[in-house]
Amino acid sequence: MASNKQTHIFAEDMTDDMCKTATDVALEAFQMNFTKGKVYATVASHIRANFDKSFGRGWNCVVGRSFGAFVTHEIKTYMYFTVVPGVYILLWKA
């Protein structure tokens with residue numbers, strides 16, 4: 001998995017390679033410079049676009065501090081994790 005010691009995976013149904021890609025892309029997204037707009041929406045868009053390109057279209061991503069979700073996902077395409085304390089990421093393919 002990613003080398004960031006703040007990375008924590010709460011739930012996952014993905015291959016190890018996909019999990020590593022997700023944490024790496026999320027870390028990359030949080031290191032981007034934001035000058036305007038909604039930071040969490042931009043991070044979610046970056047992660048989703050990367051997964052659409054790498055693993056085929058149909059990915060969804062939610063990034064935030066407080067949210068609830070019930071999703072239906074394809075097998076081996078779900079992950080709920082954090083790479084920044086207090087900010088959570090839900091990534092899945094419908």
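In this predicted model, the side chains of Arg48 and Asp52 form a salt bridge, with N and O 3.7 Å apart. Both residues belong to helix H2, where they stand four residues apart, about one turn of the helix. Arg48 is partly exposed, at a relative accessible area of 34%.

The count of salt bridges comes to three. Another of them joins Asp13 to Lys76, at 3.9 Å from N to O. Because Asp13 is part of strand S1 (residues 8–13) while Lys76 sits in the loop between S2 and S3, this pair ties together parts that are 63 residues apart in sequence. Asp13 is partly exposed, with 21% relative accessibility, and Lys76 is likewise partly exposed, with a relative accessible area of 42%.

Lys20 and Asp24 also form a salt bridge, their closest N and O atoms lying 2.6 Å apart. These two residues are four apart in helix H1, which means that about one helical turn separates Lys20 from Asp24. Lys20 is partly exposed at 38% relative accessibility, and Asp24 is partly exposed at 31%.

The pairs and their distances are set out below.

| Salt bridge | N to O distance |
|---|---|
| Arg48 and Asp52 | 3.7 Å |
| Asp13 and Lys76 | 3.9 Å |
| Lys20 and Asp24 | 2.6 Å |

A charged residue without such a partner is Lys93, which is buried yet has no salt bridge. The nearest side chain of opposite charge is that of Glu74, 4.4 Å away. Since a salt bridge requires a side-chain nitrogen within 4 Å of a carboxyl oxygen, a separation of 4.4 Å does not qualify. Lys93 is located in strand S4. Setting aside neighbours within four places in sequence, the contacts of Lys93 are Phe55, Gly56, Arg57, Gly58, Trp59, Thr72, His73, Glu74 and Thr77.

Helix H2 itself has regular dimensions to check. Its 17 residues should span 24 Å at 1.5 Å a residue, and the end C-alpha atoms are 24 Å apart, so the expected and modelled values agree. The buried residues in H2 include Val43, Ala44, Ile47 and Phe51. These residues cover an arc of only 100° around the axis and therefore lie on the same side of H2. Among the elements that cover the buried residues of H2 are H1, S2 and S4. After H2 comes Gly56, which has a positive phi near 90°.

Two of the buried H2 residues, Ile47 and Phe51, reappear in the largest nonpolar core. This core has 21 residues, and those touching the most other members are Met14, Ile47, Phe51, Val63, Phe81, Ile89 and Leu91. At least two core residues come from each of helix H1 (16–30), helix H2 (39–55), strand S2 (59–64), strand S3 (78–84) and strand S4 (87–93). H1 supplies the largest share, seven residues.

Phe51 illustrates how the surroundings of a core residue are assembled. Beyond its neighbours within four places in sequence, Phe51 is in contact with Met14, Met18, Thr21, Ala22, Gly56, Trp59 and Leu91. Of these contacts, Met14 and Leu91 are also listed with Phe51 among the core residues that touch the most other members. Gly56, the residue that follows H2, is in contact with Phe51 and with Lys93. Trp59 likewise is in contact with Phe51 and with Lys93.

Methods
Residues numbered from 1 in each chain as written. Predicted model: local features only at pLDDT ≥ 70, side-chain atom pairs only at ≥ 80, totals over all residues. Heavy atoms only, no water. Core = buried A, V, L, I, M, F, W, Y, C linked by side-chain atoms within 4.5 Å. Buried < 20%, exposed > 50% of the residue type's maximum accessible area, 1.4 Å probe, protein only. Contact = heavy atoms within 4.5 Å. Lys, Arg positive; Asp, Glu negative; His and termini not counted. Expected span 1.5 Å × (residues − 1). Arc of directions from axis to C-beta.
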